[in-house]
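Student: I would like to go through some labels and the values behind them. Can we take them one by one?

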Protein chains: 2
Amino acid sequence: MKKLINTVDDVLTESLQGFAEAHADLVRIAQAPTYVVRADAPVQGKVALISGGGSGHEPLHAGFVGHGMLDAACPGQVFTSPTPDQMVAAAEAVDGGAGLLLIVKNYAGDVMNFEMAGEMLSGDVATVLTNDDVAVEDSTYTTGRRGVAGTVLVEKIVGAAAEAGADLAACKALGDRVNAATGSMGVALTSCTVPAAGSPTFAIGEDEMEMGVGIHGEPGRRRVRLESANAIAKELVGEICARLAPGAGERMLLLVNGFGGTPLMELYLMYHAAVQRCRERGLQVVRSLVGNYTTSLDMAGCSLTLTRLDDEMIARWDAPVHTPALRWGR
Amino acid sequence: MKKLINTVDDVLTESLQGFAEAHADLVRIAQAPTYVVRADAPVQGKVALISGGGSGHEPLHAGFVGHGMLDAACPGQVFTSPTPDQMVAAAEAVDGGAGLLLIVKNYAGDVMNFEMAGEMLSGDVATVLTNDDVAVEDSTYTTGRRGVAGTVLVEKIVGAAAEAGADLAACKALGDRVNAATGSMGVALTSCTVPAAGSPTFAIGEDEMEMGVGIHGEPGRRRVRLESANAIAKELVGEICARLAPGAGERMLLLVNGFGGTPLMELYLMYHAAVQRCRERGLQVVRSLVGNYTTSLDMAGCSLTLTRLDDEMIARWDAPVHTPALRWGR
């Protein structure tokens, strides 16, 4: 295993310390229990958005804490759910008196722990469960579809609504609507290596790819020979559209998300390939995001995410955001 | 070779098309000769900043085209200098009548071609040559020190000055001052693979790292056993400070730059290690940047960059920037 670390046990703590030091103007961090909150938390009168999940997907979720997006993020150990005590402490630190919205990716551990935290919290609590991965129904770590990179879009769009004063019911309804309008699917060219494991999560041949891979390197649909970027984009866009069934001329957001080990040059090439496939289907890509936003440590590969946009989603997407990993508009 | 591409010959063209499509609000692209300019170019009465170099270092340079940074970028083939005709066409497209500043990384091919372009251009032309890499004197592709990730800081700081109305002489002087105040050094854990070559640029053992590596995978100082993040940070910070000789309590900018194949989690861990080494030396890290900004395709590893900041540099760093890869302040 080749990684820039000191000891395996200290990876998460030291990485979070660096994150907090580098972004002291935007976030604050607490340890034991560990969570990250926006520097101006709690924001009185605002619905507080709390997310979290296993580490190793950076910048998800801590990188999206700040004005216009999340109020708090709870990082678990690598690919491991955070614990209810982290979630409760984070929620109490950001509670502005207008309710708490938990944004949870659909993995068994996360769902169970966020449910327990929700029961321990006083005040109004609602949950948005993301399950945008169209690749497989049921998987290694979950029943039902996995929550993957589409979660970033839910956090951005609902974060803007909360910042603008939407109440808890409206934020919950918007989050569910964005999730339902969003589909993702990915492909891996290499495995990732979990520091505590010390060896690759899965073996893959020099000429193979894992089509429909999960963000922990868990299996997708099938192991096949590496194809061209155009062929990959055609399959991913096709499968996502089969689920979303967008209408002709519909306005879409396209996210090309790198898994951590793939250069930006290839991600932009995949973006070009995906935009062409969308055009062939009569879809208009009107908003875009290209980069490493929901990663799987050092895995090479990428996922595509498409969202069927409506006027409110577009306005919320364009609204100012000021977080370590996503910043525009002010 | 495992890459998300169609054919080796089309990698650059298709990647740039995707880049232009994803950022149509910020940049425009021209083909044959190929260059990228800010969407509102030319900006009348403003010094125009033009950079460029081999591709494979994305987001450098095209990702830094926009308000408050570069007016134009000329991408060459992977790890290959752009040609003078690209530079001349780009310069003519962004010339606002207040002079042209060429920002050139110190590699023999880039220096020669930008010099030829400078001679072909009419009007006032000045050049800032970046050579921030402290690892080696003379290298595979150049005489003298290499220009690496510190170039991003020169482009940001001088870009803000130009946007604020500084004249050509002031921009040139500021660029030279930032370059002289900046040092960088990197370490590679794996090689990169140039698409046209199809195999890794260099061989490296499972327990080795290349200390002082260049951004094309060219040799650094020595091949040694992989060390801890703290030990790596100590050597890199030590070597950079040996060149810059910052005074006690001096205000520094710290950039932890990923080479493309290293996850953000490790980059933040390296940031924490580097900040501690700076503190031990009595330095204040007052500005930071962590991420993939000057990459080497899919190479794993990172570089550290330190700049001795003065009041003007801090103000220019904080000024608004609105480019695909760096965005804040408006």
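**Labels and the values behind them**

Tutor: A:D311 has a relative accessible area of 55%, so it counts as exposed. The cut-off for exposed is over 50%. Keep in mind that this is a predicted model.

Student: What makes A:R251 and A:D311 a salt bridge?

Tutor: Their closest N and O atoms are 2.9 Å apart. The limit is 4 Å, so the pair qualifies. A:R251 lies in strand 10 (residues 251-258) of chain A and A:D311 in helix 8 of chain A. The two are 60 residues apart, and the pair links distant parts of the chain.

Student: Why does A:R251 count as partly exposed?

Tutor: A:R251 has 30% relative accessibility. Buried needs under 20% and exposed over 50%, so a value in between is called partly exposed.

Student: How many salt bridges does the structure hold over all chains?

Tutor: There are 46 over all chains. One of them joins B:R277 to B:E280, with the closest N and O atoms 2.9 Å apart.

Student: Why are B:R277 and B:E280 separated by about one helical turn?

Tutor: Both sit in helix 7 (residues 264-280) of chain B, and they are three residues apart, which means about one helical turn.

Student: Are B:R277 and B:E280 buried or exposed?

Tutor: B:R277 is at 10% relative accessibility, so it counts as buried. B:E280 is at 58%, so it counts as exposed.

Student: What makes B:D318 and B:R287 a salt bridge?

Tutor: Their closest N and O atoms are 2.7 Å apart. The 4 Å limit is met, so the label holds. B:D318 lies in helix 8 (residues 311-318) of chain B, and B:R287 in strand 11 (residues 284-291) of chain B, so the pair ties together parts that are 31 residues apart in sequence. B:D318, at 38% relative accessible area, is partly exposed. B:R287, at 24%, is partly exposed.

Student: Which residues do salt bridges with shared partners join into one network?

Tutor: A:R38, A:D40, A:K46, A:D71 and A:E163.

Student: How do you know that B:E58 has no salt bridge?

Tutor: The nearest side chain of opposite charge is B:K3, 9.8 Å away. A salt bridge needs 4 Å or less, so B:K3 does not qualify. B:E58 is nonetheless buried. Its place is the loop between strand 3 (48-55) and strand 4 (72-78) of chain B. The side chain of B:E58 reaches the backbone nitrogen of B:G56 at 3.0 Å. Beyond four places in sequence, B:E58 contacts A:L264, A:M265, B:Y293 and B:T295.

Student: Why is helix 4 of chain A called roughly perpendicular to helix 8 of chain A?

Tutor: Helix 4 (residues 150-163) and helix 8 (residues 311-318) of chain A pack at about 90°, with axes 8 Å apart. Angles of 65 to 115 degrees count as roughly perpendicular, so helix 4 of chain A is roughly perpendicular to helix 8 of chain A. Helix 4 of chain A makes the contact through A:L153, A:K156, A:I157, A:A160 and A:A161, and helix 8 of chain A through A:M313, A:R316 and A:W317.

Student: What makes A:T182 buried?

Tutor: A:T182 has a relative accessible area of 2%. The cut-off is under 20%, so it is buried. A:T182 is in strand 7 (residues 182-188) of chain A.

Student: What makes the link from A:T182 to A:T307 a polar contact?

Tutor: Their side chains are 2.8 Å apart. The limit is 3.5 Å, so the distance fits. The side chain of A:T182 also reaches the backbone oxygen of A:V178 at 2.6 Å. Outside four places in sequence, A:T182 is in contact with several residues, including A:D132, A:L153 and A:L244.

Student: How do you know that A:I103 is buried?

Tutor: A:I103 is at 0% relative accessibility, so it counts as buried. It lies in strand 5 (residues 100-105) of chain A. Among the residues A:I103 touches beyond four places in sequence are A:L49, A:L70, A:V128 and A:V154.

Student: Why does A:F79 count as buried?

Tutor: A:F79 is at 19% relative accessibility, so it counts as buried; the cut-off is under 20%. A:F79 has a positive phi of about 55° although it is not a glycine.

Methods:
Residues numbered from 1 in each chain as written. Chains lettered and ligands numbered in written order. Predicted model: local features only at pLDDT ≥ 70, side-chain atom pairs only at ≥ 80, totals over all residues. Heavy atoms only, no water. Helix = DSSP H or I, 4+ residues; strand = E, 2+ residues; numbered from the N terminus. Buried < 20%, exposed > 50% of the residue type's maximum accessible area, 1.4 Å probe, protein only. Lys, Arg positive; Asp, Glu negative; His and termini not counted. Polar contact = N/O pair within 3.5 Å; in protein donor to acceptor, adjacent residues only side chain to side chain. Contact = heavy atoms within 4.5 Å. Axes fitted to C-alpha atoms, helices over the stretch in contact; angles between N-to-C directions. Parallel < 35°, antiparallel > 145°, perpendicular 65-115°, else oblique.
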